[in-house]
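Trainee: I am new to this structure and would like a close look at one part of it. Please show it first, and then I will ask.

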Amino acid sequence: MKKFIPLLILLVLGFSFQSFSQDEIPAYIKEKITYPVLGFHPYVGVMPVEEPALPYNPELDYKVVLDLYGGIKDSTAIHPSILEVARTYNLGIANGVPKEKLHLAAVVHGGLVNAILSDIEYEKKFSIKNPNLLAIEELEKVGVQFYVCGQSMAFLQIGKEKLTPLVHPAISAKYSFVTLGQMGYVYLNVSE
């Protein structure tokens, strides 16, 4: 149970951040928030914690698979679930985890497949370039692997050619979680 408390705290913080405007940070947060590696959006930052419980353990590899699903409510903004992937990375680095011991995978499924469309396809659907691609590119640069549910692609009639090439089609979200779980990744739901 104790190992799930930090994950619960992360989820609560994620949902409480979503209650603010996506680009507006309250002054009390702005004064303290830090961006250890990724800083492409105000809400990918983390708050410092003095003498935290469960600090970095050099014996562990930190492997996390993040569950990304839901719909697009604001086509002009980076989806909150993708921002949470970046926050999760920054939280690991802020906790002292070396980048070579921090392994994140994100599995996109359901209606959120629309968030990983290429600029051309996103613009056809939403009349704007895809704001999520910048975040996915930055996350890919630090080693985050993105996978997409092939079942969702089929049900939504979205072919691989319509997606950003930074996301890799898998047979399904379910078996992505099973496979990554067998490889030692811990499941983390950061979606709505």
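Trainee: Where is the place of Glu51? Please take that part closely and then connect it to the rest.

Mentor: Glu51 sits in the loop between α2 (27-30) and β1 (62-68). Keep in mind that this is a predicted model. The phi angle of Glu51 is near 45°, a positive value in a residue other than glycine. Glu51 counts as exposed because its relative accessibility is 80%. Leu54 belongs to the loop between α2 and β1 as well. Its phi is near 55°, again positive in a residue that is not glycine. With a relative accessible area of 53%, Leu54 is exposed.

The loop between α2 and β1 also holds Asp61, whereas Lys101 lies in the loop between α3 and β2, so a pairing of these two ties together parts that are 40 residues apart in sequence. That pairing is a salt bridge, in which the closest N and O atoms are 3.4 Å apart. Side chains of opposite charge can pair when their charged atoms come close. Asp61 counts as partly exposed, at 42% relative accessibility. Lys101 is partly exposed too, with a relative accessible area of 21%; the cut-off for buried is under 20%.

From here, follow the chain into the strands. β1 is joined to β2 by seven bridges, and the two strands run parallel. Between them the chain passes through helix α3 (residues 80-94), in a β-α-β crossover that is right-handed. One of the paired positions is Leu66, whose bridge partner in β2 is Ala106. Strand β2 (residues 102-108) is mostly covered, with six of its seven residues buried. β2 also pairs with strand β3 (residues 145-149), in the parallel sense and over four bridges. There, Ala106 stands opposite Phe146 in β3.

Helix α3, the helix of that crossover, has a salt bridge of its own. Glu84 and Arg87 form this bridge, their closest N and O atoms being 3.4 Å apart. Because they are three residues apart in helix α3, about one helical turn separates Glu84 and Arg87. Both of these residues are buried. A search of the whole structure finds four salt bridges. Among them is the one in which the side chains of Lys124 and Glu121 meet, at 3.2 Å from N to O. Lys124 and Glu121 are three residues apart in helix α4, so they too are separated by about one helical turn. Lys124 is exposed, with a relative accessible area of 61%, whereas Glu121 is buried at 17%.

Next, consider the loop between β1 and α3, where Ser75 is found. Ser75 counts as buried, at 18% relative accessibility. Leaving aside neighbours within four places in sequence, Ser75 is in contact with Tyr122, Phe126, Ile128 and Pro131. Lys129, in the loop between α4 (119-126) and α5 (132-141), is 54 residues from Ser75 along the chain, yet their C-alpha atoms are separated by 9.1 Å. Lys129 counts as exposed because its relative accessibility is 53%. Its contacts, again without neighbours within four places, are with Asp119, Tyr122 and Glu123. Tyr122 is thus in contact with Ser75 and with Lys129.

Helix α5 contains Leu133, a buried residue with a relative accessible area of 9%. Not counting residues up to four places away in sequence, Leu133 touches Leu117, Ser118, Asp119 and Thr164. Thr164 is 31 residues from Leu133 along the chain, and their C-alpha atoms are 7.6 Å apart. Further on, helix α7 (residues 173-182) is the place of Val178. Val178 is partly exposed at 42%, and together with Ile171 and Tyr175 it makes a nonpolar surface patch of about 330 Å².

As for the whole, the protein chain has seven helices and five strands. Of its 192 residues, 42% count as buried. The chain exposes about 10,500 Å², of which carbon and sulfur atoms supply 59%. Among contacts with a separation of 6 or more, residues 24 or more positions apart account for 67%.

Definitions and conventions
Residues numbered from 1 in each chain as written. Predicted model: local features only at pLDDT ≥ 70, side-chain atom pairs only at ≥ 80, totals over all residues. Heavy atoms only, no water. Patch = residues over 30% accessible without salt bridge, like charges linked within 9 Å, V, L, I, M, F, W, Y side chains within 5 Å. Areas by Shrake-Rupley, 256 points an atom, 1.4 Å probe, with all protein chains shown as cover. Buried < 20%, exposed > 50% of the residue type's maximum accessible area, 1.4 Å probe, protein only. Pairing = 2+ DSSP bridges. Right-handed = clockwise from strand over helix to strand, strands pointing away. Contact = heavy atoms within 4.5 Å.
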